[in-house]
Amino acid sequence: MFCPECESEYRDGIARCSDCDVALVPELHDEPDHLGNLFALVEEKSPDLVAELLDRLEKAAVPYVIEAGTALAMLGSESIVFGEPQAWEARVYVADAFADRALEILRKVDQEFGRRRNLPL
Ligand SMILES: [Zn+2]
């Protein structure tokens, strides 16, 4: 058993940390000490929705990257040649460690914009 505050290890049968007076837990959950790789959060064609999403990600201190433009498809396959610009589109990525928080934010924004999307639970 471990104290979630001071991370001291206790033998079985002890329920509280004597120093911190908090309940012991069976395992310590490691806080992510690095941001990890990027998680592809969403592809979206509405600039308004993306603006709202980015605003909320910033307020929630979720690190993100956005790729956006009218030739986004070219990023994946260099051989694509467009006769004219495509519809504006954006891809938003967030740091892996923040994927859950970002999905929660995306769900709320989707709801407000009446957008239905298949998101991982
Ligand atoms: Zn403790």
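In the predicted model, C20 is partly exposed, with a relative accessible area of 29%. C3, by contrast, is buried, its relative accessible area being 0%. The two cysteines stand 17 residues apart, and each belongs to the segment before β1. Both are protein donors of the zinc ion, together with C6 and C17. Each of these residues contributes its SG atom, at 2.2 to 2.4 Å from the metal. The angles among the 4 donor atoms run from 102 to 118 degrees, and the site is tetrahedral. Because four donors count as tetrahedral if all angles lie between 85 and 135 degrees, the zinc site meets this criterion. Along the sequence, the donor residues follow the spacing C-x2-C-x10-C-x2-C.

The chain is divided into two domains, with residues 1-30 assigned to domain 1 and residues 38-112 to domain 2. Their centres, taken over C-alpha atoms, are separated by 41 Å.

An open sheet is formed by 3 strands, arranged in the order β1-β3-β2 with antiparallel pairing. Strands β1 (38-44) and β2 (64-69) are the edge strands, each of them pairing on one side only. On average, and with direction ignored, neighbouring strands of the sheet are turned by 20 degrees against each other. Strands of a sheet pair through backbone hydrogen bonds. Between β1 and β3 (residues 89-95), the antiparallel pairing extends over 6 bridges. R91 in β3 is the bridge partner of E43. Helix α2, comprising residues 99-112, lies across β1 and β3 and runs at about 15 degrees to β1.

Key: Residues numbered from 1 in each chain as written. Predicted model: local features only at pLDDT ≥ 70, side-chain atom pairs only at ≥ 80, totals over all residues. Heavy atoms only, no water. Pairing = 2+ DSSP bridges. Helix = DSSP H or I, 4+ residues; strand = E, 2+ residues; numbered from the N terminus. Axes fitted to C-alpha atoms, helices over the stretch in contact; angles between N-to-C directions. Contact = heavy atoms within 4.5 Å. Domains from an automatic or database assignment. Donors = N, O, S within 2.8 Å, 3.2 Å for Na, K, Ca; no water. Tetrahedral: all angles 85-135°; square planar, octahedral: opposite > 155°, others 65-115°. Buried < 20%, exposed > 50% of the residue type's maximum accessible area, 1.4 Å probe, protein only.
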